[in-house]
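Student: I have a structure here that I would like to go through with you, one part at a time. Please start with whatever word I need before we look at single residues.

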Amino acid sequence: MPDVILEAVHLDYSYPDGTKALRDINLKIKRGEKLTILGSNGAGKSTLFMQFNGLYRPNSGTIKYRGQDISYKNKALIELRKKVGIVFQDPDSQLFSSSVYQDISFGPLNLGLSEQEVEVRVEQALIDTETTDLEDKPTHLLSYGQKKRVSIAGVLAMEPEVIIFDEPTAGLDPRHAREFMQLLKNLSDEGKTIIISTHDVDLAYSWSDRLIIMSSGEIIAQGKPGELFLQPDLIKRADLALPSLLEMYCGLVEKGWLPPSTPLPKTRAELLLSLPQ
Amino acid sequence: MINIDSYAYSNHLKKIHPGEKSFFAMSTMAVCLTSPTVITPLIVLAIMAGVTIFKAGIPARFFLKLMLVPLSFLLLSVLTIAFSISTNSFGFWLAQTINGFTIGIRYPDLIIASELFLRSLGAVSCLYFLALTTPMTEIITVLHKLKVPIIITELMVLIYRFIFVFMETALTIRRAQLSRSGYVSMKSSFRSMSLLFSALLGKVFVKSQELYNAMAARCYTGEIKMLTKKYPVNPRNYLLITALALVLIVINLLGRR
């Protein structure tokens with residue numbers, strides 16, 4: 001059932017210094033969706049994310065969770081944040097404890113779970129993010145990528161319905177970036193709604209169901225990745241680039257190696273398969 | 001300091017319950033500080049050095065270096081106790097008289113000074129044992145269990161974490177300054193240093209706001225709740241530690257004058 005889980009309606013937000021950060025954002029996020037928000041630095045992606053779990057309050061417009069306007073009362077906010085988790089971009093500002101184990105247990109304990117239940121969840125989060133061997137290490141002796149994985153574990157352990165990842169693969173090496181994508185796939189299969197922001201057009205193209213392109217605080221386009229990436233002026237306006245897979249596909253079509261009727265490939269394997277033998 | 005911290009996470013005693021290690025360090029330190037003889041501090045020193053070097057596997061060189069840190073400070077304060085100046089040369093054990101003034105050491109003072117010296121050194125060795133074998137996060141957990149007010153333990157958690165975050169930030173800024181010829185002269189050093197501090201101050205505010213947001217996003221309600229990994233409690237260790245403390249107390253009592 002493709003019902004809407006989160007929705008932004010005519011959202012406007014300015015920073016206290018008057019900088020307009022978000023302008024008239026209208027966005028519906030469906031349950032179980034894999035959504036990517038693309039946009040250059042300062043486009044307003046992180047600011048939008050902080051609206052989704054009530055960390056920032058819009059100047060006008062509303063955020064709806066399951067069709068209801070979210071309330072900014074303390075209790076209601078806590079309920080909302082149980083359902084909508086955010087993994088922040090900079091792990092150093094998310095990890096507050098020097099102990100990996102303590103940090104991951106923070107979120108689930110705030111949910112009011114029993115200690116046994118929290119232990120189980122922490123263990124599972126450690127396994128899911130491959131950080132089991134880091135649990136005895138202090139946070140300050142971890143590498144950037146390791147900290148990033150621990151901060152992901154801290155949110156996974158809360159088992160939210162919607163997980164928002166702000167630039168999740170920035171700073172991860174190729175192997176862990178790949179494993180992170182596998183983790184995303186598993187989470188999707190469990191029925192979680194996943195929103196990520198990224199500059200990585202290849203990832204955005206091959207992973208997402210739907211793309212949002214933001215530029216200076218506005219949504220300038222939304223739709224299927226294949227459709228959006230084939231609009232050169234849009235890509236240029238948003239300071240983006242063509243995914244290498246699509247670039248190759250377009251080149252092959254142009255040279256006549258592929259018939260123009262070939263469906264857009266989602267993966268490298270699909271592109272190779274569509275080549276005439 | 002960074003080395004002490006690294007050893008705390010990698011020594012051979014890290015799997016021992018932090019409560020046992022804290023009890024060992026604190027009970028031994030208490031006995032050592034209240035000791036009227038020089039024998040107890042010497043025994044404590046030997047035990048702590050032995051346990052730290054052989055049991056915990058901290059390199060002897062490193063431990064000795066650490067023990068040297070308070071030495072200069074300690075020697076200075078002890079010497080002022082040991083030496084006295086007087087116009088009367090009576091009662092001095094080792095002295096030199098110049099122009100009617102006698103500078104020297106009185107025997108009882110020497111005893112007091114050496115006792116104080118050894119007692120302090122013994123107590124320091126207990127603290128080093130704790131610092132080298134028990135990570136700060138676990139010491140904080142022990143304090144929490146001992147009902148130290150939450151505001152203190154929570155502040156300790158945050159301060160400890162952010163010492164490293166800010167040190168890393170400061171190092172990065174300093175490196176960036178060095179690579180652009182900061183600190184080349186006295187004048188530029190002062191300028192670079194002041195820029196570093198103002199940059200760091202700005203970051204402190206930004207980071208603390210970000211941290212608060214991130215904690216709020218994980219349903220923070222004003223109290224930091226967290227679980228600590230459980231370590232097996234070994235009653236035998238408690239017995240051993242208590243027995244040791246009792247033996248030392250007996251020595252203390254026998255040495256009473």
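Tutor: The word is "contact": two residues are in contact if their C-beta atoms, placed from the backbone, lie within 7 Å. Please also keep in mind that this is a predicted model.

Student: Ok, so which residues is Ile212(A) in contact with, leaving aside its neighbours within four places in sequence?
Tutor: With those neighbours left aside, Ile212(A) is in contact with Leu27(A), Leu35(A), Ile37(A), Ile219(A) and Gln222(A). Ile212(A) also belongs to the largest nonpolar core, which has 77 residues, and it is listed with Ile104(A), Ala153(A), Ile164(A) and Ile195(A) as touching the most other members.

Student: How many residues are in the second, separate core?
Tutor: That core has 26 residues, and Tyr7(B), Ile16(B), Val124(B) and Leu248(B) are among them.

Student: Leu248(B) is in chain B, so let's go there. What does it touch in the contact between α3(B) and α9(B)?
Tutor: Let me set out the two helices before I come to that residue. Helix α3 (residues 39-55) of chain B and helix α9 (residues 235-254) of chain B pack at an angle of about 155 degrees, and their axes are 9 Å apart. Because of that angle, α3(B) is roughly antiparallel to α9(B). Leu248(B) is one of the residues that make the contact: α9(B) brings Leu248(B), Ile251(B) and Asn252(B), while α3(B) brings Ile39(B), Thr40(B) and Ile43(B). Sorted by class, the residues of this contact are 4 nonpolar and 2 polar, with no charged ones.

Student: And what angle do α2(B) and α6(B) make?
Tutor: Helix α2 (residues 18-33) of chain B packs with α6(B) at an angle of about 80 degrees, with the axes 9 Å apart. The angle is why α2(B) counts as roughly perpendicular to α6(B). Here Pro18(B), Gly19(B) and Ser22(B) in α2(B) meet Glu138(B), Ile139(B), Thr141(B) and Val142(B) in α6(B). By class, this contact has 3 nonpolar, 3 polar and 1 charged residues.

Student: New topic: how many residues of chain A are in contact with chain B?
Tutor: There are 37 residues of chain A in contact with 29 residues of chain B. On the side of chain A that touches chain B, at least two residues each come from α2 (74-83), α3 (91-94), α4 (100-110) and α5 (115-128) of chain A.

Student: Which helix gives the most to that side of chain A?
Tutor: It is α4(A), with 7 residues. The side of chain A that touches chain B divides by class into 15 nonpolar, 13 polar and 9 charged residues.

Student: What are the domains of chain A?
Tutor: The domain assignment gives domain 1 (4-98 + 160-241) and domain 2 (243-277) of chain A. The centres of these two domains, taken over C-alpha atoms, are separated by 30 Å. Their contact takes 6 residues from domain 1 of chain A and 7 residues from domain 2 of chain A. On the domain 1 side, α8 (201-207) and α9 (225-229) of chain A each supply at least two residues, and α8(A) gives the most, with 4 residues.

Student: And how is chain B divided?
Tutor: Chain B has domain 1 (2-134 + 232-254) and domain 2 (143-217), and the C-alpha centres of these two lie 34 Å apart.

Student: Last thing, the backbone angles. What is the phi of Asp24(A)?
Tutor: Asp24(A) has a positive phi of about 40 degrees, although it is not a glycine. For background, most residues other than glycine have a negative phi. Asp24(A) lies in strand β2 (residues 20-30) of chain A.

Student: What about Lys147(B), is it buried or exposed?
Tutor: Lys147(B) counts as exposed because it has 8 C-beta neighbours inside 10 Å, and the limit for exposed is 12 or fewer. By comparison, Asp24(A) has 14 such neighbours, so it counts as partly exposed. Lys147(B) also has a positive phi, near 70 degrees, and is a residue other than glycine. Lys147(B) lies in the loop between α6 (136-145) and α7 (150-179) of chain B.

Conventions
Residues numbered from 1 in each chain as written. Chains lettered and ligands numbered in written order. Predicted model: local features only at pLDDT ≥ 70, side-chain atom pairs only at ≥ 80, totals over all residues. Nonpolar A, V, L, I, M, F, W, Y, C, P; charged D, E, K, R; others polar. Axes fitted to C-alpha atoms, helices over the stretch in contact; angles between N-to-C directions. Parallel < 35°, antiparallel > 145°, perpendicular 65-115°, else oblique. Domains from an automatic or database assignment. Core = buried A, V, L, I, M, F, W, Y, C linked by C-beta atoms within 7 Å. Buried ≥ 20, exposed ≤ 12 C-beta atoms within 10 Å, placed from the backbone.
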